[in-house]
Amino acid sequence: MGQTNVMPQNGNTAANLFNEYWGMVLRRKWILLGAVLVSLGAAMVYCKVATKVYRSDTLILLEDQKIPENYVQANAEGNSNFDRRIFVIETQVRDRLRLDKIRKELNLYPAQVEQSGPDSAVLAMNAALEVTTVSKGGVPGQNTIGAFTISFAHEDPATAMNVIAKISSMLIEEDMKDRTQAAEGTTEFLDNEVNRTRAQLDKKEEEISRFKSQHVGQLPQQIEANLRALDRLHDDLKIVNESIHRQSDRLSLVENAIQKYLEFGVTIPALVNGPVQPNPSFARLNELKNKLTQLESEFWDGYPEVALTKEEIKQIEQRIRKQYGPESMGSDAETKDQYFQDLKKQKSELKSELSLLKERRNTLRAEKQEYDSRVETAPAIEQSLLTLMRDYENLKGSYQSLLDKRLHASVAENLEKRQKGAQLKILERPKFPRVPEKPNQPRVMMLGLLLGCALGVGMAVLLEQLNPQFRRPEDVELMFGPQLLAAIPDFSLDYAYSNWRRFLPAYHFRFGGKSAQQAAGLIPIRPGETALNGTNGHTFDRSFVVKWMPNAIVSEQYRVAATRLFLLGTETQSTVVAVSSAIKGEGKTTTVINLGYTLARDLGKRVLLLDCDMKCPGLDKFMENSPEGGLADYLVGALDLDDCISSFGDVPCWIMPVGNSVANSTEVLRTDRLTPLFDRLRKRFDYIILNTPPILPQATMNVLEGHADVLLLVVRANSTPHDVVRRAVGSLRSRKALHVVLNAVGSQSLPSYVYEYGQPQTKVPRGQLKA
């Protein structure tokens, strides 16, 4: 038949894991306790035999200067950078030469010096020294005061105190000396810097003066004058160019007029001064000469036209000689013409004037080029001058700053010499240590406790891992497959047992402020109390949970087991169920009484609970009345069957106890009367549940399993190891299906719905909806 999945689905995995490990620790509590005791014992022994080391210390204050820094700034390092100051002090304290000097004065570590040399002793002293900050700087604007401690550890408390006294006094003396030397050194350094900077400043002034002399007219302050001169030269050059252009035009007109006059005799009266009338003979003569020149270039000399032209030229020359004299046709013939002379004079004057204008233009151009060069080089000169001036100003500022610093340094030097600056001050003298620093007994004991707990927990978890047990329903299914009949919760906590199991982690559900027992209307019975339910006052065991708490979650799980057992079905009219366990203490008897009572009460079956455990019988304590005997008496033939059975008054359930004990239970169960007994019982009862002995200690189960229809193995969660169950199942050598009841399962290992469904539901009147 199919099995309902009973794997836990709790949402809080971390809580489940913690609960699982907590359960491991509680199950192995004696291992944990032993590990803790051993660790604490070892810690106590160590505290007794370990070498005692004493530590002496002194408290030193880094005091600020007594005069405010707004008035005087100290040359030596102050307390503004507290961490740096502490680092320097610690370096001074740990100096090898200082420590070796103290070692020699106090004769420390003589054996170590003799064995390994002085360096080894100095290293030991360095390791025993500690510099610890006590407090750091305060609010800005106020005096910042910090303190630190110097401590030294030694086996002799007096030696530790003397070493600290030496170190503190030496530190204060050297600090005062160093600060005074630093102040004097600062003043001397500033004097040298002032003299050096002054020499550089004078040299830079000479360099600037020489630069200005070399670049007169090109300096930045002369740029505006150079630009104005350029504008003036530009205007003058423009005027000269216009004059040259104008005179050149007039010269061209005069030259053109001369050419026309000589060639054609044409005159231009506008070009001469006064009414000058030229002689037409000269013009005709010039015209003929030009014509003759042209004819000679084209024709030969005997050509008629050439001869005629020459004759006419001759006649005109005679006429001119006759008019102006024989010499009029010489080289100065043209001078006789006033018009021509006037044009030649104008031409000569114009050429002279143009020559002067061109010389003036060249001069202006040269001057303009000079000024252009000044303007173009002015930015480079200005940059060079700026560089010189910047260096000069920087040197001048540095010089002034050095003068101020030298003045402050002189004042600060006087401050240090009068011990008004920042200094070290001993607030607490070295004390004689009376309590050893090592070993620290509280710390050692605490570490021993923690180590013991860790070791105990580790061993417990390791043993649990090496020897695994059944804890959850899925552990059973992994070994047996889908043969789990039910997982019964551990109800010992519901009864509030006064044993260690109450400290197991479990989920406690409350319904409306009431516990599950109160919600069910039941009150748990304390050990030794009787059940006041109308019976004969016989004392009942509290494990009979289905009778005393029928509405509890545990009772519901027994109903699940009874229902599944019923659904298994058998071909016979009556079913014999053999209930056993691997070892004693698994809850086998509890399972028999609760399962049988549930079959009778809830399913209406006639059930007989047959106690076959001759060594440790357990069903007799659940009987409401005591019969005359039991199974052993019936098998030996001492009593009849009805005299060996006890019944419950409210349900069709009977118990057949063991009866009188016998020496050899296995031999008794092998008698010939056992088979007829089962035949007889099958006719009277629907279910016969056998409470058999554990499988491993005895062989009784091997005898009884042949008479059983169903084999039921009870396994106690968090108790029975896997290998024990395997050996028990292997020793049965039975082909019948083996079903398992996992007993005493922790609440954290069960599905949450098992508990949620067990909560009582509030009844709502009809016609109303739940909120």
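Helices here are DSSP runs of H or I that span at least four residues, numbered from the N terminus. With that in hand, Gln 247 is easy to place: the residue sits in helix α8, which covers residues 223–264. The model is a predicted one, so everything below describes computed geometry.

Start with the chain as a whole. The chain has 771 residues, and 42% of them count as buried. Its secondary structure comes to 23 helices and 12 strands. Contacts often reach across the sequence: taking those between residues at least 6 apart, 80% join residues at least 24 apart. As for the outside, the accessible surface adds up to about 42,800 Å², and carbon and sulfur atoms account for 52% of that.

Back to Gln 247 in helix α8. Is this residue buried or exposed? Its relative accessibility is 13%, and since buried means under 20%, Gln 247 counts as buried. Which residues does Gln 247 touch, once neighbours within four places in sequence are set aside? The partners are Leu 350, Glu 353, Leu 354 and Leu 357. Take Leu 354 from that list: 107 residues separate Leu 354 from Gln 247 along the sequence, yet their C-alpha atoms lie 6.6 Å apart in space.

Next comes a pair of helices, α3 (residues 82–93) and α7 (residues 157–214). Their axes come within 11 Å and cross at roughly 120 degrees. An angle of 65 to 115 degrees would count as roughly perpendicular and one over 145 as roughly antiparallel, so α3 and α7 are oblique to each other. The crossing of α3 past α7 is right-handed. On the α3 side, the contact is made by Arg 85, Ile 89, Gln 92 and Val 93. Helix α7 brings Ile 167, Leu 171, Asp 175, Asp 178 and Arg 179. Sorted by type, the residues of this contact comprise four nonpolar, one polar and four charged.

Last, a look at a residue outside the helices. Where does Ser 543 sit? Ser 543 lies in the loop that runs between α14 (516–519) and α15 (545–548). Despite its place in a loop, Ser 543 is buried, because its relative accessible area is 7%, under the 20% cut-off. Leaving out residues up to four places away in sequence, Ser 543 touches Phe 491, Thr 590, Asn 594 and Phe 622.

Technical notes. Residues are numbered from 1 along each chain as its sequence is written. This is a predicted model: local features need pLDDT of at least 70, side-chain atom pairs count only at pLDDT 80 or more; totals for chains, interfaces and linings use all residues. Side-chain values use heavy atoms; hydrogens and water are left out. Helices (H or I, at least four residues) and strands (E, at least two) are DSSP runs, numbered from the N terminus. Buried means under 20% relative accessible area, exposed over 50%, partly exposed in between (1.4 Å probe, protein chains only). Contact means heavy atoms within 4.5 Å. Accessible areas come from the Shrake-Rupley method with a 1.4 Å probe; for residues, only the protein chains shown count as cover. Axes are lines fitted to C-alpha atoms, for helices over the stretch in contact, and angles run from 0 to 180 degrees between N-to-C directions. Angles under 35 degrees count as roughly parallel, over 145 as roughly antiparallel, 65 to 115 as roughly perpendicular and the rest as oblique. A crossing is left-handed if the near helix is turned anticlockwise from the far one by less than a right angle, and right-handed if clockwise. Ala, Val, Leu, Ile, Met, Phe, Trp, Tyr, Cys and Pro count as nonpolar, Asp, Glu, Lys and Arg as charged, and the others, Gly among them, as polar.
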